[in-house]
Amino acid sequence: MTILLAVSGWDLQPWLARLHALLPGREIVTPETIGDRAAVDYALSWRHPSGALADLPNLKAIFSLGAGVDHVFHDSGLPDVPIVRVVDADLRDRMSEWVVLHALIHLRQQRMYDWQQDQQIWDEDIDQPAAADIRVGILGLGALGADAARKLATIGFDVAGWSRSPRDVETIACFHGADGLEAMLARTDILVALLPLTPQTRGILNAALFAKLATDGRLGGPILLNAGRGGLQVEADILAALDTGVLKAASLDVFEVEPLPKASPLWRHPRVTISPHNAAVSTPDAIVRYIADQIAAYERGEKLRNVVDRATGY
Ligand code: NDP
Ligand code: OXD
């Protein structure tokens, strides 16, 4: 009854404390402290070091500590057991907060008012469209994209979404497939990327896609919000599109290389708003609760939920 916590780049202490609290009686080990590899039942991964999950003959499942699983698949020696991803209200609500926040920052031109405050300028005479005047297109209508879509629609935005297979989200215009993408982009003023990173989606946010966005919107040009994965975006194309006016602005939470290198021109670009891949953080409180519940259900004989499809990569 051992759980292997294989994590890179995070402080382990809060995770260990929460695991001990919610899974009493289990030994919790890390790749550094692991003893008997045959005792490990479950592995918990966030960007685990390649090979850390190999040679665990009694492993039953791998739990990603986030919604995305691209960080699990980077390991070519991954054991053939179910991979479970996070689908959780806490994570979902945090992501929708980020999407709504940034949609509103752009709708209400907050970056410009920040500048005006800095310059002590009082200018009331600036065009202020209503949310209903702004067409939002969401790439990815999954657990996160569908929730963000509903919340943006509640505020009044005119929302559409795009997925691989047909989806039905109430009050949202739903598109799918290659033709659906073109149609959605043509009616999009604010593009929100909430796709998983897979071989099919890598680099999708590129010059060719930006050129298909609506050019007749009320915001003075299309705006990109990406909180999916940095690998979805071609940063050179974003910078070029910002400089040529193909894009008006961007809010980015994820980057091709993380942490974003100091030399990246994105840091100082006046029309780029950056957050450090924390649009929706995984908290030990919520995520260990989710995993402990899944383990308890599995050991009662129930099926694991939110198991990743290895063929599609998400
Ligand atoms: P889901 O698996 O629930 O949803 C993914 C959506 O993307 C689905 O609608 C799916 O289509 C669609 N999709 C996948 N591949 C394609 C494709 N090739 N073409 C069109 N649509 C596609 O994932 P979540 O909503 O839970 O999470 C989305 C991503 O958000 C995560 O994978 C992760 O990368 C990112 N994330 C980022 C965080 C952050 O803090 N920045 C935090 C949490 C997650 P279909 O419905 O047909 O399956
Ligand atoms: C996730 C993330 O995938 O935080 O959950 O990026």
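**Questions on a predicted chain**

Biologist: Glutamate 97 has its place in helix 3; is this residue buried or exposed?
Modeller: This is a predicted model, in which local features need pLDDT of at least 70 and side-chain atom pairs count only at pLDDT 80 or more, while totals for chains, interfaces and linings use all residues, and side-chain values use heavy atoms, with hydrogens and water left out. Residues are numbered from 1 along each chain as its sequence is written, with chains lettered from A and ligands numbered from 1 in the order in which they are written. Buried means under 20% relative accessible area, exposed over 50%, and partly exposed in between, with a 1.4 Å probe and protein chains only. Because its relative accessibility is 53%, glutamate 97 counts as exposed.

Biologist: How far apart in space are the C-alpha atoms of glutamate 97 and alanine 148?
Modeller: Along the chain, glutamate 97 and alanine 148 are 51 residues apart. In space, the separation of their C-alpha atoms is 8.0 Å.

Biologist: How many helices and strands does the chain have, and what is its radius of gyration?
Modeller: Helices (H or I, at least four residues) and strands (E, at least two) are DSSP runs numbered from the N terminus, and the chain comes to 9 helices and 12 strands. The globule rule, 2.2 Å times the number of residues to the power 0.38, is set against a radius of gyration taken over C-alpha atoms. For 314 residues the rule gives 20 Å, so the chain is as compact as a globular protein of that length, with a radius of gyration of 21 Å.

Biologist: What share of the contacts in the chain with a separation of 6 or more comes from residues 24 or more positions apart?
Modeller: Of the 314 residues, 51% count as buried, and the C-alpha atoms fill a box of roughly 70 × 40 × 30 Å along the principal axes. Contact means heavy atoms within 4.5 Å. Among contacts with a separation of 6 or more, the share from residues 24 or more positions apart is 63%.

Biologist: Which residues line the second largest pocket closest to its centre?
Modeller: A pocket is an open set of points on a 1 Å grid over the protein atoms alone, where a 1.4 Å probe fits, with protein on both sides within 12 Å along at least five of seven lines; lining residues have an atom within 4 Å of a point. About 290 Å³ of space lies in the second largest pocket. Of its 13 lining residues, the closest to the centre are Arg111, Met112, Lys248, Ala249 and Arg271.

Biologist: Which helix gives the most to the lining of the second largest pocket?
Modeller: The lining of this pocket divides into 6 nonpolar, 4 polar and 3 charged residues. Helix 3 (89-107) and helix 4 (110-119) each supply at least two of its residues. With 3 residues, the element that gives the most to this lining is helix 4.

Biologist: How far is leucine 239 from arginine 271 in space, C-alpha to C-alpha?
Modeller: Leucine 239 belongs to helix 8 (residues 235-244) and is buried, with a relative accessible area of 15%. Not counting residues up to four places away in sequence, leucine 239 touches Pro265, Leu266 and His269. Arginine 271 is 32 residues from leucine 239 in sequence, and their C-alpha to C-alpha distance is 9.9 Å.

Biologist: Phenylalanine 157 lies in the loop between helix 5 (143-155) and strand 7; what is its relative accessible area?
Modeller: Leaving aside neighbours within four places in sequence, phenylalanine 157 is in contact with several residues, among them Ala103, Leu104, Leu107 and Ile190. Alanine 132, 25 residues away in sequence, is 4.7 Å from phenylalanine 157, C-alpha to C-alpha. Phenylalanine 157 is buried, with a relative accessible area of 4%.

Biologist: What is the omega of the cis peptide bond that joins glutamate 258 and proline 259?
Modeller: Most residues other than glycine have a negative phi, and most peptide bonds are trans. Proline 259 lies in the loop between strand 11 (249-252) and strand 12 (272-274). The bond that joins glutamate 258 to proline 259 is cis, and its omega is about -10°.

Biologist: What is the phi of threonine 171?
Modeller: Threonine 171 has its place in the loop between strand 7 (158-163) and strand 8 (173-176), and at 70% relative accessibility it counts as exposed. Its phi is a positive value in a residue other than glycine, near 65°.

Technical notes:
Grid points are joined across faces, edges and corners, and a volume is the space filled by probe spheres set on the points. Ala, Val, Leu, Ile, Met, Phe, Trp, Tyr, Cys and Pro count as nonpolar, Asp, Glu, Lys and Arg as charged, and the others, Gly among them, as polar.
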